[in-house]
Amino acid sequence: MRTTELVERMLAGNRFALAKLITLVENRHPDTALVLSAVHQRCGHAYVIGITGPPGAGKSTLVDRLVAALRAQQHSVGIIAVDPSSPFSGGAVLGDRIRMQSHYLDDQVFIRSLSTRGTHGGLARATRNVAQLLDAFGKDFILVETVGVGQTELDVMGVADTTIVVLVPEAGDTIQTMKAGLLEIADAFVVNKADREGALRIRTELEMMLQLRPATGWKVPVLLTEATTGKGVAELLDAVLQHRQFSRTSGGSDAHRAAARQEEFIEVLQEEISRRLEASLENGHFTGLLQQIKRGEIDPYKAALRMMADEESLRVVLRTGQ
Ligand SMILES: Nc1nc2c(ncn2[C@@H]2O[C@H](COP(=O)(O)OP(=O)(O)O)[C@@H](O)[C@H]2O)c(=O)[nH]1
Ligand SMILES: [Mg+2]
């Protein structure tokens, strides 16, 4: 099926077409930019909630509860489960599927997992693009769950309008070694498994750390939850909606979105240029030059600079693989 036809079907509400387009974008098919450009007019409605934290903290269980709360208010939901550590869709994601199965039969909930497989290294970019597709599809809320506390997770959370960092009472060590980045991106902290010992102590520690954070006008709440029973989940959703309100009135989300749009523009250009360059080299446009470089007859730097100065060569590159 042609890509434009898939886009039409997706925009008309076809879940199968949506799934196909997500795969296309995840694999960075040459039509990726075309697809995203075609759906762009329909984007901008969905609110993206990011949930991150160490493995086993209870993120998926919380997501499941948040979805139930959102569905009770008739909101449609998309879930993206991102596993940066896995080259396959195995392990954690399989567990997530089992935990989220209560929503599998709900046709207003669309669940997709993403791993480093297929994304060509740009997991944050792939996540953002999948969120855009879900947004265009008409989802009201998109929940992005990502495992871990490393740089990739921080990048992935850049996609979220509100970021929730989930910890557990035993996370004392995590807090000591917690990347400053994690403290900075959190719009809300959750101490999950509050049925266990030490939850209040962790909350106090977090609140003390948060006092060191430069004031932004938003007071980052530290909430206690028990995802398994649902205790504290309504308060968590309230906090998210309050943060949304805060961002809207303070103009924070406009600034966030403006910066994201510029970054996206530059990324798309870089991706398109390198894709076309690779295509033109593969198509044999510069075989002679490549041979000279390989034989060491011309140094790679000189060759590259010469090519950059040659408009005809650049034109060939830009025309290839369109
Ligand atoms: N005691 C307790 N266990 C929980 C709670 N929330 C989640 N769990 C359990 O913790 C384990 C990991 O949960 P999961 O949602 O998969 O964590 P994730 O790796 O962060 O997504 C599961 O066995 C859950 O049932 C909680 O509030 N209290
Ligand atoms: Mg999980």
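Is Lys 193 buried, partly exposed or exposed? Lys 193 is partly exposed, with a relative accessible area of 22%. The legends below take a walk through this predicted model, and Lys 193 returns in one of the later views.

**View 1. An open sheet of seven strands runs in the order E3-E2-E4-E1-E5-E6-E7.** The pairing throughout this sheet is parallel. At the edges stand strand E3 (109–115) and E7, and each has a single partner strand, so one side of each is left without a neighbour in the sheet. On average, neighbouring strands are turned by 20° against each other, direction ignored. As a reminder for reading this view, strands of a sheet pair through backbone hydrogen bonds, either parallel or antiparallel.

**View 2. Strand E5 (residues 162–167) is mostly covered.** Six of its six residues are buried. In a regular strand the side chains alternate between the two faces of the sheet. Here, one side of E5 carries Thr 162, Ile 164 and Val 166, while the other carries Thr 163, Val 165 and Leu 167. Both of these faces are covered, and the residues on each are all buried.

**View 3. E5 pairs with E1 and with E6.** With E1, the pairing is parallel and extends over four bridges; Ile 49 stands opposite Thr 162 of E5 here. With strand E6 (residues 188–191), E5 again pairs in the parallel sense, over four bridges. In this second pairing, look for Leu 167 opposite Val 191 of E6. Following the sheet onward, E6 and E7 pair in the parallel sense over three bridges, and Val 190 stands opposite Leu 223 in E7.

**View 4. Tyr 47 and Phe 141 form an edge-to-face aromatic pair.** This is one of two aromatic pairs in the count. The ring centres are 6.4 Å apart, and the planes make an angle of 70°, which is over the 60 degrees needed for the edge-to-face class. Tyr 47 belongs to strand E1 (residues 47–53) and Phe 141 to strand E4 (residues 141–147), so the pair ties together parts that are 94 residues apart in sequence. Both partners are away from solvent by the accessibility count: Tyr 47 is buried at 5% relative accessibility, and Phe 141 is buried with a relative accessible area of 2%. Tyr 47 has a further partner to look for in this view, since the charged end of Arg 244 sits over its ring, 5.5 Å from the centre.

**View 5. Trp 218 and Phe 246 form a tilted aromatic pair.** Their ring centres are 5.5 Å apart, with 40° between the planes. Trp 218 is in the loop between helix H10 (199–211) and strand E7 (222–224), and Phe 246 is in helix H11 (residues 233–250). The pair thus links distant parts of the chain, 28 residues apart. What is the exposure of each ring's residue? Trp 218 counts as buried at 15% relative accessibility, whereas Phe 246 counts as partly exposed at 22%.

**View 6. Helix H2 (residues 15–26) packs with helix H6 (residues 123–137).** Their axes lie 9 Å apart, and the packing angle is about 160°. The two helices are therefore roughly antiparallel to each other. The crossing by which H2 passes H6 is right-handed.

**View 7. Arg 28 and Lys 193 each have a positive phi although neither is a glycine.** Most residues other than glycine have a negative phi, and most peptide bonds are trans. For Arg 28, the value is about 55°. Arg 28 has its place in the loop between H2 and helix H3 (32–39), and with a relative accessible area of 10% it is buried. For Lys 193, phi is about 60°. Lys 193 is found in the loop between E6 and H10, and, as the opening question brought out, it is partly exposed.

**View 8. Pro 54 is found in the loop between E1 and helix H4 (59–72).** At 15% relative accessibility, Pro 54 counts as buried. This view also takes in Val 165, a residue of E5. Pro 54 and Val 165 are 111 residues apart along the chain, and their C-alpha atoms are separated by 9.1 Å.

Key. Residues are numbered from 1 along each chain as its sequence is written. Chains are lettered from A and ligands numbered from 1 in the order in which they are written. This is a predicted model: local features need pLDDT of at least 70, side-chain atom pairs count only at pLDDT 80 or more; totals for chains, interfaces and linings use all residues. Side-chain values use heavy atoms; hydrogens and water are left out. Rings of Phe, Tyr and Trp (its six-membered ring) pair if their centres lie within 6.5 Å; planes under 30 degrees apart count as stacked, over 60 as edge-to-face and the rest as tilted. Buried means under 20% relative accessible area, exposed over 50%, partly exposed in between (1.4 Å probe, protein chains only). A charge sits over a ring if NZ of Lys or CZ of Arg is within 6 Å of the ring centre and within 35 degrees of the ring normal. Two strands pair if DSSP finds at least two bridges between them. Axes are lines fitted to C-alpha atoms, for helices over the stretch in contact, and angles run from 0 to 180 degrees between N-to-C directions. Angles under 35 degrees count as roughly parallel, over 145 as roughly antiparallel, 65 to 115 as roughly perpendicular and the rest as oblique. A crossing is left-handed if the near helix is turned anticlockwise from the far one by less than a right angle, and right-handed if clockwise.
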